[in-house]
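Thanks for making time for this. I would like to walk you through one model this morning, so please have the sequence and the structure open while I talk.

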Amino acid sequence: MSPGPPFVDRTDAGNQLAAALPALDRDSTVVLALPRGGVPVAEEICKAYHLPLDLVFVRKIGVPGQPEVAIGAIVDGEDPKVVVNDRVARSAGVTFARIKEMGHALLPEIERRRALYFQGRQRHDLKGKTLIVVDDGVATGATLRASLLGLRQSGAARIIVALPTAPPDVLASFEGAADQIICLHQQSPFCSVGAAYRSFPQTSDVEVMHALQRCAGFVGSVAVEGKVVR
């Protein structure tokens with residue numbers, strides 16, 4: 001009999017990731033989740049180490065007619081960045097100019113989510129910080145790759161990618177974009193992110209908002225088990 005999925009749900013994945021992280025300076029570390037699915041995972045890391053939670057606003061760009069297939073991604077910022085999955089783009093016969101146009105069409109939805117989630121609250125300054133970038137898993141890696149490209153421009157001192165599951169070849173493609181990569185379960189051959197979970201429901205906007213509120217309360221409380229250096 002084959003073993004079951006390695007994670008019960010996103011909360012379980014977050015707890016396992018928290019245990020796998022290196023020692024961190026609480027005063028100079030920010031956890032960044034890719035909404036929406038990465039938020040419940042990241043919340044457990046924030047809870048364990050009393051770290052602030054912020055979000056990376058990035059959207060997958062789907063192949064025309066096949067929106068579930070990522071041809072690239074766009075990450076928001078002063079100068080929004082589009083990252084292209086070259087293999088998928090060549091196969092679909094879509095030019096970079098068209099992909100960039102499709103990406104910029106997604107910016108209003110990013111702005112909607114930003115306004116909804118933060119509701120006027122100030123976001124964290126990332127300059128000089130250690131960033132722990134969290135998602136519930138990656139398949140093609142286009143969305144996360146776009147996020148890392150944008151975060152490099154923030155002036156962060158160090159970027160750690162923390163993932164419950166991913167295919168090995170995609171993890172290899174992040175080398176150079178991140179200073180450290182932690183992945184608990186490497187699937188090969190890769191089926192899907194959801195295959196690593198027993199329970200994998202969609203995360204709602206309301207759940208994201210509540211997680212941000214809870215994580216704001218974790219900051220400044222007592223450190224745990226000597227892993228966080230004050």
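Let me begin with Pro189, which lies in the loop between E9 and H8; the peptide bond that leads from Ser188 into Pro189 is cis, with omega near 0°. I should say straight away that what we are looking at is a predicted model, and that this applies to the backbone geometry I am describing here as well. A second cis peptide bond runs from Pro35 to Arg36, with omega near 5°, and Arg36 is found in the loop between E2 and H2.

While we are on loops, please look at two residues with positive phi that are not glycines. His50, in the loop between H2 and E3, has a phi of about 55°, and at 11% relative accessibility His50 counts as buried. Gln119, in the loop between helix H5, residues 107-118, and E7, has a phi of about 45°.

Now to the sheet. In what order do the five strands of the open sheet run? The order is E3-E2-E7-E8-E9, and the pairing is parallel. Strand E3, residues 53-55, and strand E9, residues 180-186, stand at the edges with a single partner strand each, so one side of each is left without a neighbour in the sheet. From one strand to the next, the twist averages 25°.

Starting from the E3 edge, strand E2, residues 29-33, pairs with E3 in the parallel sense over three bridges, and Val31 has Leu53 in E3 as its bridge partner. Further along, E7 and E8 are joined in the parallel sense by five bridges, with Ala162 in E8 as the bridge partner of Val134. Between these two strands the chain passes through helix H6, residues 142-152, in a β-α-β crossover that is right-handed. E8 and E9 also run parallel, joined by six bridges, and there Thr165 stands opposite His185 in E9. The chain gets from E8 to E9 through helix H7, residues 168-173, and this β-α-β crossover is right-handed too. As for E8 itself, the strand is mostly covered, with eight of its nine residues buried.

One residue in E7 deserves a closer look, namely Thr130. Is Thr130 buried or exposed? Its relative accessible area is 12%, and because the cut-off for buried is under 20%, Thr130 counts as buried. If we leave aside neighbours within four places in sequence, Thr130 is in contact with Leu24, Ser28, Thr29, Val30, Arg158 and Ile160.

Turning to the helices, H1, residues 10-20, has as its buried residues Arg10, Asp12, Ala13, Gly14, Leu17 and Ala18, and these pack against helix H2, strands E7 and E8, and E9. At the start of H1, a side-chain oxygen of Asp9 comes to within 3.2 Å of the backbone nitrogen of Thr11.

Finally, the pairing of H2 with helix H8, residues 205-218: the two pack at an angle of about 10°, with their axes 10 Å apart, which makes H2 roughly parallel to H8. On the H2 side the contact is made by Val39, Glu43, Cys46 and Lys47, and on the H8 side by Val208, Ala211, Arg214, Cys215 and Phe218.

Definitions and conventions
Residues numbered from 1 in each chain as written. Predicted model: local features only at pLDDT ≥ 70, side-chain atom pairs only at ≥ 80, totals over all residues. Heavy atoms only, no water. Pairing = 2+ DSSP bridges. Helix = DSSP H or I, 4+ residues; strand = E, 2+ residues; numbered from the N terminus. Axes fitted to C-alpha atoms, helices over the stretch in contact; angles between N-to-C directions. Buried < 20%, exposed > 50% of the residue type's maximum accessible area, 1.4 Å probe, protein only. Contact = heavy atoms within 4.5 Å. Polar contact = N/O pair within 3.5 Å; in protein donor to acceptor, adjacent residues only side chain to side chain. Right-handed = clockwise from strand over helix to strand, strands pointing away. Parallel < 35°, antiparallel > 145°, perpendicular 65-115°, else oblique.
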